[in-house]
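Please read the following report alongside the sequence and the model. It deals with a ligand site and with two individual side chains.

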Amino acid sequence: MTVLKTKEELKIYYKDFNSKNHTIGFVATMGALHEGHISLIEESKKENEITIASIFVNPTQFDKKEDLDNYPKTIEEDLHLLEKAKCDAVFIPSVEEVYKNNIASSHFDFDGLENEMEGEFRIGHFNGVGTVVKALFEIVMPTNAYFGEKDFQQLQIVRKMVKKNKMDVSVIGCPIYREENGLAMSSRNMRLTLEERKAAAIVYKVLKSVTQKSKSQSVITISAWVTTQFKDHPLFDLEYFKIADVDTLKSVSEILPNKQYRAFIAIYTNSVRLIDNLSINSELLFG
Ligand code: AMP
């Protein structure tokens, strides 16, 4: 696997490959890699001649400095995992390489997608995401880019950005990879205690029950039920729960046939926030 640290090195790498004749699959990550990330690499490998991952902890998408400072860094293990997955190259730029001297977000209009859920609780987050994904797309110039449904709002926002800016890249959503107990894999899980990690299985359990309940109960009844599951919970607080239309990400009060919806949830412990979501009107067990 080739390790690339600068745009210049990437250019030379592409020259060697004569990339015009190759499809390039791209997986953008912030490192602290786990099997969820690797499932994206595997998807890319199936569909492209070259697969490139990036590892870059993007400073502009963190609304809290302590969250940025505490973001796990496991570069040696990351390189080992990527190598094992037969990823062709990994781009690991410095902050200066991506932002030059101006570590700031551009302002984006994502037609309101940015104001829902994570946007409401993490101010400026999606401007940071838009800025870095746009910059990485311009540098890596992928044919296909793979994003996890784990961050479903981010996936829809990246799709919107590509469409609005007429960028020449296909954005492909990949299913959420889960631990055996159903907990969605996340780099942040490393910061949970063993007890919290076990108990966090409640998130997927609740989401699965929501999909069942959605067949016969109203959205308002389901939402009230979810609230009771976290009321007085010894470890977790509920930040938000909602059932939303997948295209607008706006809450709905009614589930209509022939439309796609997802249930979205965010919970937090003392120091870690966890997010998850599940399609509520697909018959698939793992969404
Ligand atoms: P991150 O390193 O957290 O920025 O994630 C990089 C990419 O991996 C994003 O597209 C995430 O949505 C995706 N990802 C993270 N966790 C998972 C997971 N458990 N299953 C599938 N994709 C994931």
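The report begins with the basis of the model, then turns to the ligand and ends with the two residues.

This is a predicted model, in which local features need pLDDT of at least 70 and side-chain atom pairs count only at pLDDT 80 or more, whereas totals for chains, interfaces and linings use all residues. Residues are numbered from 1 along each chain as its sequence is written, and side-chain values use heavy atoms, with hydrogens and water left out.

**The ligand and its shell**

Around the ligand there are 17 residues, of which Met30, Gly148, Asp151, Tyr177 and Met185 come nearest; a residue counts as near if one of its heavy atoms lies within 4 Å of the molecule. By class, this shell has nine nonpolar, six polar and two charged residues, where Ala, Val, Leu, Ile, Met, Phe, Trp, Tyr, Cys and Pro count as nonpolar, Asp, Glu, Lys and Arg as charged, and the others, Gly among them, as polar.

The table lists polar pairs between ligand and protein, a polar contact being a pair of N or O atoms within 3.5 Å; within protein, one atom must be able to donate a hydrogen and the other to accept it, and residues adjacent in sequence count only if both atoms are side-chain atoms.

| Ligand atom | Protein partner | Distance |
|---|---|---|
| Oxygen | Gly148, polar backbone atom | 2.9 Å |
| Oxygen | Asp151, side-chain N or O atom | 2.6 Å |
| Nitrogen | Met185, polar backbone atom | 2.8 Å |

On its own the ligand has 490 Å² of accessible area (Shrake-Rupley method, 1.4 Å probe), and the protein covers 93% of this area. Strand E2 (24-29), helix H2 (35-47) and strand E5 (144-148) are the elements that give two or more residues to the shell, and H2 supplies the largest share, three residues. Helices (H or I, at least four residues) and strands (E, at least two) are DSSP runs, numbered from the N terminus.

**Arg178**

Arg178 is found in the loop between strand E6 (170-174) and helix H9 (194-199), and it is buried at a relative accessible area of 9%; buried means under 20%, exposed over 50% and partly exposed in between, with a 1.4 Å probe and protein chains only. The side chain of Arg178 makes a polar contact of 2.9 Å with that of Asp276, and a polar atom of the Arg178 side chain lies 2.9 Å from the backbone oxygen of Gly182.

**Val133**

Val133, in helix H7 (residues 125-140), is buried too, with a relative accessible area of 6%. Leaving aside residues up to four places away in sequence, Val133 touches Phe147, Val158 and Met161, contact meaning heavy atoms within 4.5 Å. Val133 and Val158 are 25 residues apart along the chain, yet their C-alpha atoms are separated by 7.6 Å.
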